[in-house]
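Me: I am new to this structure and would like to go through it step by step. Please show it first, and then explain its features in turn.

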Amino acid sequence: ILLETDDGYVVMDPRAAHERVIYEKIMARSDSGKPVSQKLLIPENVQVTPTAAAKLRQHLEILQKLGFGIAEFGGDDFMIEALPPELIDAPRRELLMDIAHAMEGSGVRRGAGAWREELIIKAASRASVSSVGALTIKEIEQLVTDLAHARMPYTCPRGRPTMILTSYRELARKFGRD
């Protein structure tokens, strides 16, 4: 996304920006102890690998505290009844696999806070807008507004830049017009 400012122009990566916005919303609610869930119209049964199922089973209570309405459904299946609103459009199986992977990768050695943060980072990444489709003007405006209200708007949760500013002065210098 190309945006003009008074001082130059900004190239914004919509995926990185959306990851930041989702991450901060879920983290803020998690920190406040008031998770929000959005019920699915039709609960969805999701089958995961045995390793992922074991990790999910082990931490179901923590997931529920983050706003996931998820329960065991037998074997390696889980029933998803609700999700944090920002994750509602994320592909369910991939989301659960990413969460299980985050649990496995962070483990207890880094502590519960790091584990929770890694889980939210993975979920935000899975749920963020894809670079494949074009955003509408209204979606772009909302993303810019949401990013402007973010605590750390300049990078996604993994540290990639959400935007790059090029000043008019720098642009003029690049064209040899000092």
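Reply: Let us begin with a term: a nonpolar core is a set of buried Ala, Val, Leu, Ile, Met, Phe, Trp, Tyr and Cys residues joined through side-chain atoms within 4.5 Å. The model discussed here is predicted.

Me: Which residues of the largest nonpolar core touch the most other members?

Reply: The largest nonpolar core holds 34 residues. Elements that give two or more residues to this core are α1 (14-32), β3 (38-47), α2 (50-58), α3 (60-65), β5 (77-83), α4 (92-106) and α5 (112-127). Within the core, the residues that touch the most other members are L56, F68 and L119.

Me: Which element gives the largest share of this core?

Reply: Both helices and strands supply residues to the core, among them α1, β3 and α5. The largest share amounts to seven residues, and the element that gives it is α5.

Me: Which residues does L56 touch, not counting residues up to four places away in sequence?

Reply: L56 is among the core residues that touch the most other members. Leaving aside residues up to four places away in sequence, the residues touched by L56 are V48, L63, F78, L96, I99, A100 and M103.

Me: How many residues make up the second, separate core?

Reply: A second core stands separate from the one that contains L56. Its members include M12, V21, L143 and A150. In general, nonpolar side chains in soluble globular proteins tend to be buried together. The number of residues in this second core is six.

Me: What is the pattern of helices and strands along the sequence?

Reply: The secondary structure of the protein chain comes to seven helices and six strands. Read along the sequence, the pattern is β-β-α-β-α-α-β-β-α-α-α-β-α.

Me: Is β5 largely enclosed or largely open?

Reply: A residue is buried when its relative accessible area is under 20%. Six of the seven residues of β5 are buried. Therefore, with respect to the rest of the structure, β5 is largely enclosed.

Me: Which residue in β5 stands opposite V46?

Reply: Strands β3 and β5 run antiparallel and are joined by six bridges. Opposite V46, the residue in β5 is F78.

Me: In the hairpin of β4 and β5, which residue takes a positive phi?

Reply: Strand β4 (residues 69-72) runs antiparallel to β5, with four bridges between them. One pair of facing residues is G69 and A82, the latter in β5. The hairpin has four residues between the strands, and the residue with a positive phi, near 105 degrees, is G74.

Me: How many residues apart are D146 and K25?

Reply: D146 and K25 form a salt bridge, with their closest N and O atoms 3.9 Å apart. At relative accessibilities of 21% for D146 and 36% for K25, each counts as partly exposed. D146 lies in helix α6 (residues 137-148) and K25 in helix α1, so that the pair links distant parts of the chain, and their separation is 121 residues.

Me: Why are E61 and K65 separated by about one helical turn?

Reply: The side chains of E61 and K65 meet in a salt bridge, at 3.5 Å from N to O. Both count as exposed, E61 with a relative accessible area of 54% and K65 at 54% relative accessibility. The separation is about one helical turn because, in helix α3, the two are four residues apart.

Me: Is E170 exposed or partly exposed?

Reply: E170 meets K174 in a salt bridge of 3.4 Å, N to O. The two are four residues apart in helix α7 (residues 168-174). K174 counts as exposed at 61% relative accessibility. E170, with a relative accessible area of 25%, is partly exposed.

Me: How many salt bridges does a search of the whole structure find?

Reply: In general, side chains of opposite charge can pair when their charged atoms come close. Here, one such pair is D146 and K25. A search of the whole structure finds a total of twelve.

Me: Which residues make the nonpolar surface patch of about 300 Å²?

Reply: One member, V11, has its place in strand β2 (residues 8-12). V11 counts as partly exposed, at 40% relative accessibility. The patch is made by L2, V11 and I164.

How values were computed
Residues numbered from 1 in each chain as written. Predicted model: local features only at pLDDT ≥ 70, side-chain atom pairs only at ≥ 80, totals over all residues. Heavy atoms only, no water. Buried < 20%, exposed > 50% of the residue type's maximum accessible area, 1.4 Å probe, protein only. Contact = heavy atoms within 4.5 Å. Salt bridge = Lys/Arg side-chain N within 4 Å of Asp/Glu carboxyl O. Patch = residues over 30% accessible without salt bridge, like charges linked within 9 Å, V, L, I, M, F, W, Y side chains within 5 Å. Areas by Shrake-Rupley, 256 points an atom, 1.4 Å probe, with all protein chains shown as cover. Pairing = 2+ DSSP bridges.
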